[in-house]
Amino acid sequence: MVVLSQHVALDNHLSVIPTYKPVPVPVVDLTDPEAKTLIVKACEEFGFFKVVNHGVRPDLMTRLEQEAVGFFALPQSLKNQAGPPEPYGYGSKRIGPNGDVGWIEYILLNANPQLTSPKTSAIFRQTPQIFREAVEEYMKEVKKVTCKVLEMVTEGLGIEPRDTLSKMVRDEKSDSCLRMNHYPTAEEEVEKMVKVGFGEHTDPQIISVLRSNNTAGLQICMKDGSWVAVPPDHSSFFINVGDALQVMTNGRFKSVKHRVLADTRRSRVSMIYFGGPPLSQKIAPLPCLVPKQEDWLYKEFTWSQYKSSAYKSKLGDYRLGLFEKQSHHRSNV
């Protein structure tokens, strides 16, 4: 169980969730010659898909998961030395600075080796050297998958050059990060309640690449507002369209709203690589997709501006609303 150094009210993470329906999640084999077409279709229809034959070694994924489990099993006093996150470091229950809480503890690490923080250093001080090595190797390999998927997106959309999107993640100043989430099993007295591990939200970056253990809990929101349970698969990656990619495709791709419900019997461990652009990168609809600015649904902004705005928002806020052109404005959802 996650222990807090000071009390946090958790009433809003215990709730009765409406029933949801199982729907087949799109699966894309990255070695399939039609992969780029299937990815574009999945991004348009779901904003979410699973990739197989991705090229990342299973032992690398398993090793990082084991090391993460080892960290989360440390005494709470040691873990607390790496928190609270600012935004990197160790966090427990609190998600962000605006009152959101969940049945979760997590580590957030910057993927740029040139940028370190005292909290990140504290995490690695509490763990064996193999943990740092596993993190670095995993991020290197998943970054390749991220860039490969983004290049398939540009090919599928007919965007030139091919690295229009991937170069933002490859940039040495890329603002990408790795998040490792641990959703503990429930306490007996609340086992009959549905526990929200991570409340509904969209990811702000370009795309997110998720891998978890074989514990269920991840759900995505369909266009009709219903929630779909995503069957777990520890050998595959799940890709989310992020807010930035929704803007760059002028809304053609949708940043999918998703959430995680904690399991009463098994703990869940997930590792998410967020592919982000440099802080100074301008985000706007791509001219090759939307030649006329009057057809843009969004104002141009820098990633730094959007990241700062998102950090100040509540988890479930519709963050892109502030950046939509007035004529296309929609209320929070």
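**View 1. Met61, a buried residue of helix α2.** Met61 is buried, with a relative accessible area of 2%. The model shown here and in every view below is predicted. Met61 belongs to helix α2. Beyond its neighbours within four places in sequence, Met61 contacts His54, Val56, Tyr138, Arg211, His234, Ser235, Phe237 and Met271. One of these partners, Met271, is 210 residues away along the chain. The C-alpha atoms of Met61 and Met271 are nevertheless separated by 9.0 Å.

**View 2. Helix α2 against helix α5.** Helix α2 covers residues 58-72, and helix α5 covers residues 129-157. Their axes come within 9 Å and cross at roughly 140°. That angle makes α2 oblique to α5, because only angles over 145 degrees would count as roughly antiparallel. The crossing is left-handed. From α2, the residues in the contact are Leu60, Met61, Arg63, Leu64, Glu67 and Ala68. From α5, they are Ile130, Phe131, Ala134, Val135, Glu137, Tyr138 and Glu141. By type, the residues of this contact divide into nine nonpolar, no polar and four charged. Met61 of View 1 is one of the α2 residues here, and Tyr138 is one of those from α5.

**View 3. Thr146, in helix α5.** Helix α5 also holds Thr146. Thr146 has 0% relative accessibility, so it counts as buried; the cut-off for buried is under 20%. Leaving out neighbours within four places in sequence, Thr146 is in contact with Val169, Ile207, Val209, Tyr273 and Gly275.

**View 4. Helix α4 and its cover.** Helix α4 runs over residues 118-125. Its buried residues are Lys119, Thr120, Ala122, Ile123 and Phe124. What lies over them? The cover includes two helices met above, α2 and α5. It also includes the strands β4 (89-94) and β5 (101-110).

**View 5. Two cis peptide bonds in the loop between α3 and β4.** A cis peptide bond joins Gly83 to Pro84, with omega about -5°. Another cis peptide bond joins Glu86 to Pro87, where omega is about -5°. Pro84 sits in the loop between α3 (76-80) and β4. Pro87 lies in the loop between α3 and β4 as well.

**View 6. Lys93, with positive phi in a strand.** Lys93 is placed in strand β4. Its phi is near 70°, a positive value in a residue other than glycine. Is this lysine buried or exposed? Lys93 is buried, with a relative accessible area of 2%.

**View 7. Asn250, with positive phi in a loop.** Asn250 is found between α7 (243-248) and β12 (258-262), in the loop that links them. Its phi is positive, about 55°, although Asn250 is not a glycine. The relative accessibility of Asn250 is 13%, so this asparagine counts as buried.

**View 8. Asn214, a partly exposed loop residue.** Asn214 is found in the loop between β8 (207-212) and β9 (218-221). At 35% relative accessibility, Asn214 counts as partly exposed. That value falls between the two cut-offs, because buried means under 20% and exposed means over 50%. Which residues does Asn214 touch, not counting those up to four places away in sequence? They are Pro232, Asp233, His234 and Arg266. Pro231 is 17 residues from Asn214 along the chain, and their C-alpha atoms are separated by 8.6 Å. His234 appears in View 1 too, as a contact of Met61.

**View 9. The whole protein chain, for orientation.** The chain has 333 residues, and buried residues make up 56% of them. Its secondary structure comes to eight helices and 15 strands. Among contacts between residues at least 6 apart in sequence, 74% join residues at least 24 apart. The pair Met61 and Met271 of View 1, with their positions 210 residues apart along the chain, gives an example of such a separation. The accessible surface of the chain comes to about 15100 Å². Carbon and sulfur atoms account for 53% of that surface.

Note on methods:
Residues numbered from 1 in each chain as written. Predicted model: local features only at pLDDT ≥ 70, side-chain atom pairs only at ≥ 80, totals over all residues. Heavy atoms only, no water. Helix = DSSP H or I, 4+ residues; strand = E, 2+ residues; numbered from the N terminus. Buried < 20%, exposed > 50% of the residue type's maximum accessible area, 1.4 Å probe, protein only. Contact = heavy atoms within 4.5 Å. Areas by Shrake-Rupley, 256 points an atom, 1.4 Å probe, with all protein chains shown as cover. Axes fitted to C-alpha atoms, helices over the stretch in contact; angles between N-to-C directions. Parallel < 35°, antiparallel > 145°, perpendicular 65-115°, else oblique. Left-handed = near helix turned anticlockwise from the far one by under 90°. Nonpolar A, V, L, I, M, F, W, Y, C, P; charged D, E, K, R; others polar.
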